[in-house]
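Student: Could you take me closely through one part of this model, the open sheet with the greater share of your attention, and the helices that pack on it?

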Amino acid sequence: MKNLTTICFLSILIIISGCIFINHSEMTSTSGNTSWYYPDWIMNSPYAPSFKVLDTESSLGPYAEKTKIITLEDLVKMHGHLCDGLVTAACGLSFGLEELYPDGIIDRTDTCCITNNSPCFGDVAAYLTGGRIRFGTQKIDPNMGNEFIVYRISTQQAIKVSLKDGVFPEALAWLEKKVKSGNFTIEQMRECQRLGWEFAKNIINRPLEKSFVVKKIRGFSWEPDSYIHEGSRGDVINKNVMQKTFHK
Ligand SMILES: [Zn+2]
């Protein structure tokens with residue numbers, strides 16, 4: 001009887017452990033329906049950008065020897081949702097960063113960014129450039145529209161990327177205003193979501209130069225905004241110490 005009780009107890013333990021393992025596996029799996037937040041139309045879009053970035057190896061440097069690839073899916077995970085703002089920022093910044101980094105490698109220890117106060121624009125700009133408000137390398141200008149300024153510290157080059165006039169749908173602009181006002185129906189909220197995704201889909205299904213224009217800003221000087229808890233970024237101070245060629 002004692003043996004039977006022990007066997008039953010062990011069996012229950014094994015079943016519970018199995019359930020925990022399965023649930024954990026489902027949560028951490030990167031395949032199948034766990035990518036529900038990242039629809040097929042993004043994956044199959046011919047002009048969806050990806051980004052090759054260079055960082056440091058650890059908190060006090062030096063430069064890493066290899067680059068990393070950031071995809072739109074990475075940006076969705078960081079930002080929390082897929083939206084037209086995320087896609088607009090990623091595409092616009094991709095177009096502009098090509099100008100600052102002709103070799104295709106974005107140095108996230110050497111780049112500053114300015115956007116309006118949209119959570120989508122600011123998040124994507126910070127992730128892709130490495131600019132951060134607390135280090136004085138990211139700034140917010142509420143007066144900016146659908147545009148992005150990117151600055152390369154070492155070369156003192158600055159560019160501005162803007163969404164071309166007439167590209168942003170008027171119906172979407174109207175609905176966004178309506179939903180933000182708080183006076184809207186669920187149908188209007190869903191329609192706003194649908195139009196936002198439709199707009200994003202259009203942008204990544206045609207060459208980026210059809211949607212964006214990029215201009216160099218001559219004589220630009222970077223002045224960090226003041227921030228009460230501004231800190232110093234340890235990983236970039238001695239980033240050049242190894243002075244060796246990294247492998248792309
Ligand atoms: Zn967003």
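Tutor: What follows describes one sheet, the helices against it, and a neighbouring helix that packs on those helices.

This is a predicted model, in which local features need pLDDT of at least 70 and side-chain atom pairs count only at pLDDT 80 or more, whereas totals for chains, interfaces and linings use all residues. Residues are numbered from 1 along each chain as its sequence is written.

The protein has 8 helices and 8 strands, these being DSSP runs numbered from the N terminus, with helices taken as H or I of at least four residues and strands as E of at least two. In the sheet in question, 5 strands follow the order β5-β4-β6-β7-β8 with mixed pairing, and the sheet is open; two strands are said to pair if DSSP finds at least two bridges between them. Because β5 (138-140) and β8 (212-216) each have a single partner strand, they form the edges, and one side of each is left without a neighbour in the sheet. On average, neighbouring strands here are turned by 15° against each other, direction ignored, where axes are lines fitted to C-alpha atoms, for helices over the stretch in contact, and angles run from 0 to 180 degrees between N-to-C directions.

Within this sheet, β6 (residues 147-152) and β7 (residues 157-163) are joined by 6 bridges in the antiparallel sense, and Val150 stands opposite Ile159 in β7.

Turning to the helices, α4 (residues 84-100) lies across β6, β7 and β8 and runs at about 145° to β7. Helix α5 (residues 119-129) also packs on the sheet, where it touches β4 (111-115), β5 and β6, and its direction makes about 170° with that of β4; contact here requires that the C-beta atoms of two residues, placed from the backbone, lie within 7 Å.

Both of these helices are in turn met by α3 (residues 72-79), since its buried residues pack against α4 and α5, as well as α2 (40-43) and β2 (68-70). The buried residues of α3 are Leu72, Leu75 and Val76, a residue being buried if 20 or more other C-beta atoms lie within 10 Å of its own, exposed if 12 or fewer, and partly exposed in between, with C-beta atoms placed from the backbone. Leu72, Leu75 and Val76 lie on the same side of α3 because they cover an arc of only 100° around the axis, the arc being that of the directions from the helix axis to the C-beta atoms. Just after α3, Gly80 takes a positive phi of about 105°.
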